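I opened this model to look up a few contacts. My entries follow in the order in which I made them.

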Amino acid sequence: MTAPADNKPLLDVRGLTIEIDTRRGPAVIVDGINLTVGKGETLGVVGESGCGKSLTMLSLVRLLPNKIRVKGGTAEFAGRDLLKMSKSELRQVRGGKIGFVFQDPMTSLNPVMRIGDQLCEPLIYHRKMNKADARVRAIELLRLVGIPGPEQRIEAYPHELSGGMRQRVMIAIGLACDPELLIADEPTTALDVTIQAQIVDLVKDLRKKLNMSVVWITHDLALIAGLVDRVAVLYAGTVVEDAPVNELFARPTHPYTRGLLASIPKLSDERASRLSSIGGTPPEPGRRPKGCPFAPRCGLAESVCHERVPVLEPVAGSGGHRVACFVAQRQMMEAA
Amino acid sequence: MAAEPLIKVENLVKHFVVRLGAFGERGATVYAVDDVSFDIFAGETLSLVGESGCGKSTTGFTLLNLQKATSGKVIFQGENIVSLDEKRMRPYRRELQIVFQDPYSTLNPRMTIGEVVGEPILFHKLATKAELPECVSRLLADVGLPARFAQRYPHELSGGQRQRVAIARALACQPKFIVCDEAISALDVSVQAQIINLLLDLQEKYGLTYLFIAHDLAVVRHISTRVGVMYLGRMAELATREQLFSNPLHPYTRALLSAVPEADPELEKTRQRQILTGDVPSPLAPPAGCRFHTRCPIAMDKCKAVVPEWREVVPGHHVSCHAVGMETAG
Ligand SMILES: Nc1ncnc2c1ncn2[C@@H]1O[C@H](COP(=O)(O)OP(=O)(O)OP(=O)(O)O)[C@@H](O)[C@H]1O
Ligand SMILES: Nc1ncnc2c1ncn2[C@@H]1O[C@H](COP(=O)(O)OP(=O)(O)OP(=O)(O)O)[C@@H](O)[C@H]1O
Ligand code: SF4
Ligand SMILES: [Mg+2]
Ligand SMILES: [Mg+2]
């Protein structure tokens with residue numbers, strides 16, 4: 001595999017469109033997404049439950065469920081299109097150069113196989129390790145993700161572990177072969193803050209050591225604040241805002257992003273008051289409105305929002321911050 | 001809160017025997033929950049927090065007699081429910097519900113969402129067949145899902161959507177008490193806010209009681225009446241929310257509170273976390289004495305040998321640590 005030229009991103013997703021068969025015919029779930037991740041860069045992906053985060057990432061390693069398929073677009077990894085690779089090429093990449101942490105540990109861990117064997121598998125396949133070496137490495141990986149007593153725990157079955165331990169086994173599997181790219185789908189939802197911090201530090205460390213690139217899907221904006229370089233905000237299968245992390249927190253521009261940030265309960269909150277939440281629900285695939293997908297729930301929507309689809313455009317006065325919102329774009333024009 | 005507790009947990013113990021070695025030739029014991037006592041009052045939200053693997057889920061399961069307790073009692077309506085077999089447990093099942101940490105493994109993959117949510121309603125005769133679709137739609141709407149989802153199967157939902165189906169199913173029985181085990185952890189903040197608001201509304205309207213297992217301390221602070229902190233199978237501290245967050249007494253609680261991230265990249269880069277040194281001990285071989293002594297910044301000799309007593313140091317504020325109150329007492 002050829003190394004990417006230095007200025008080329010490691011992962012370059014363009015116009016990715018994913019479709020599903022429904023009773024009423026095919027419906028678009030993911031609608032022409034562009035994402036890039038540079039070498040050594042960490043991209044955070046946030047967005048409402050059901051907006052297509054998991055399917056986007058699954059499509060990259062070609063693990064989409066039945067009835068769901070990629071309709072268009074490319075996804076170049078180190079210069080090669082993942083979406084066009086042969087099955088055998090893909091097997092070399094998946095679990096090797098690309099590490100993957102799935103959202104649902106219970107469905108991706110094999111319930112009748114000891115976790116040690118599940119950890120050794122990629123090491124033996126991709127790294128050509130012998131059994132004994134793989135076992136040593138597996139124990140080390142469990143220790144790195146903070147599982148106490150790894151020598152014994154390596155022999156546990158998934159159901160004998162706590163929810164957070166299973167999640168950490170998934171992370172260990174994802175990191176097993178020192179991947180160039182780690183795709184982690186909500187990897188820390190079941191972890192307490194101390195262990196979350198430990199995992200975040202571990203990933204930061206590997207990023208430095210291996211120059212690893214990371215795509216980190218999460219709903220926890222606080223967690224990624226100190227971890228990622230850039231954030232892409234997804235809504236109903238499209239990227240609605242995309243910015244360096246400091247920029248995003250300092251100047252959230254899309255009304256949906258602002259709503260998300262406003263919904264975070266703060267540790268300093270005193271009373272059990274009602275939290276602000278974005279009213280309504282996101283549109284389902286196949287039932288998306290004709291204009292901006294957020295328009296039906298947006299407090300700022302104007303008639304143009306219901307008519308046309310806004311595209312990502314640079315936010316004035318800041319590098320690399322883009323937003324897809326007519327009203328925000330107009331307000332910037334007026335302010336300029 | 002002087003009222004009789006809704007549920008009384010007394011010296012609850014749950015040990016698992018596991019097989020080790022390639023052929024399972026060696027046995028070992030996991031001390032998952034070890035001598036835990038606390039009360040749950042009607043209408044309150046009692047949160048349980050603590051490191052991954054410290055026994056929160058196991059406490060929830062054994063409390064509801066979904067796993068057999070090794071010893072101890074759980075008193076609900078005058079009955080020790082952990083001693084009941086499934087048949088005698090049945091009358092209590094509707095009132096005591098749980099939202100599992102891992103919804104996917106607990107939703108029957110062959111049932112549609114409508115059946116998943118509707119089943120307990122029919123089973124407990126809370127509505128007629130004719131009223132059912134209406135009931136199901138309302139429950140789905142409450143958790144922010146469109147009524148059309150009733151026709152889908154669990155695998156056709158996203159992670160957060162499945163978690164909300166599990167919540168709808170628990171609410172369907174109109175229970176008195178719900179164990180919410182990381183029930184909102186896979187949801188984005190806006191949907192989280194919606195579900196938290198729903199839980200608080202139901203509590204206000206029907207006096208529902210929650211045991212809320214969570215790791216997000218901001219959420220815990222937001223919704224709890226009281227908070228219990230567990231460490232390696234034991235309760236370290238239990239207090240009202242105000243007491244716990246403004247005056248944490250146990251060294252572990254203090255470390256835990258210092259680790260909370262804030263949604264601010266600038267603050268995050270400079271924040272001082274109190275990192276606990278030392279590995280988390282294994283529940284297969286928990287340390288003697290205070291289980292926290294291997295990592296405690298102020299541990300004394302006594303801590304290595306003597307299990308600290310579970311005591312109420314200020315009204316409503318329980319803690320198990322030898323060091324607490326020493327300055328004032330001695
Ligand atoms: N197998 C399937 N059949 C039909 N619809 C599906 C299937 N899998 C996912 N979907 C739908 O596709 C949409 C996107 O799902 P996806 O799992 O990518 O969401 P997500 O952004 O990861 O959400 P979450 O944060 O809740 O995990 C959702 O609305 C979901 O209901
Ligand atoms: N069926 C089982 N067999 C053996 N050990 C078990 C079993 N279930 C749980 N354990 C062990 O009991 C301990 C407590 O687990 P539990 O699931 O209660 O933790 P938890 O506090 O809920 O953690 P998390 O926050 O990660 O969900 C863990 O060490 C776990 O491995
Ligand atoms: S009892 Fe001793 S070891 Fe345990 S928390 Fe208190 S001071 Fe630390
Ligand atoms: Mg997902
Ligand atoms: Mg648990």
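**Salt bridges and contacts**

I began with Glu19(A), which forms a salt bridge with Arg69(A), the closest N and O atoms being 3.1 Å apart. A salt bridge here is a side-chain nitrogen of Lys or Arg within 4 Å of a carboxyl oxygen of Asp or Glu. The pair links distant parts of the chain, 50 residues apart: Glu19(A) lies in strand 1 (residues 11–22) of chain A and Arg69(A) in strand 4 (residues 68–77) of chain A. Strands (E, at least two residues) and helices (H or I, at least four) are DSSP runs, numbered from the N terminus. Over all chains I noted 31 salt bridges.

I noted that this is a predicted model, in which local features need pLDDT of at least 70 and side-chain atom pairs count only at pLDDT 80 or more, while totals for chains, interfaces and linings use all residues. Residues are numbered from 1 along each chain as its sequence is written, chains are lettered from A and ligands numbered from 1 in the order in which they are written, and side-chain values use heavy atoms, with hydrogens and water left out.

**Chain A against chain B**

How many residues does the contact take from each chain? I found 62 from chain A and 69 from chain B, contact meaning heavy atoms within 4.5 Å. The two chains, A and B, bury about 5500 Å² between them, 54% of it on carbon and sulfur atoms. Buried area is the accessible area (1.4 Å probe) that two parts lose on being put together, summed over both. I counted two salt bridges between chain A and chain B. Arg162(B) and Asp104(A) meet through their side chains in a salt bridge (2.7 Å, N to O).

**Helix 7 and helix 8**

In chain A, I looked at helix 7 (residues 163–175) and helix 8 (residues 193–210), which pack at an angle of about 0° with their axes 12 Å apart. Axes are lines fitted to C-alpha atoms, for helices over the stretch in contact, and angles run from 0 to 180 degrees between N-to-C directions. Helix 7 of chain A and helix 8 of chain A are therefore roughly parallel, a term for angles under 35 degrees.

How values were computed. Parallel < 35°, antiparallel > 145°, perpendicular 65-115°, else oblique.
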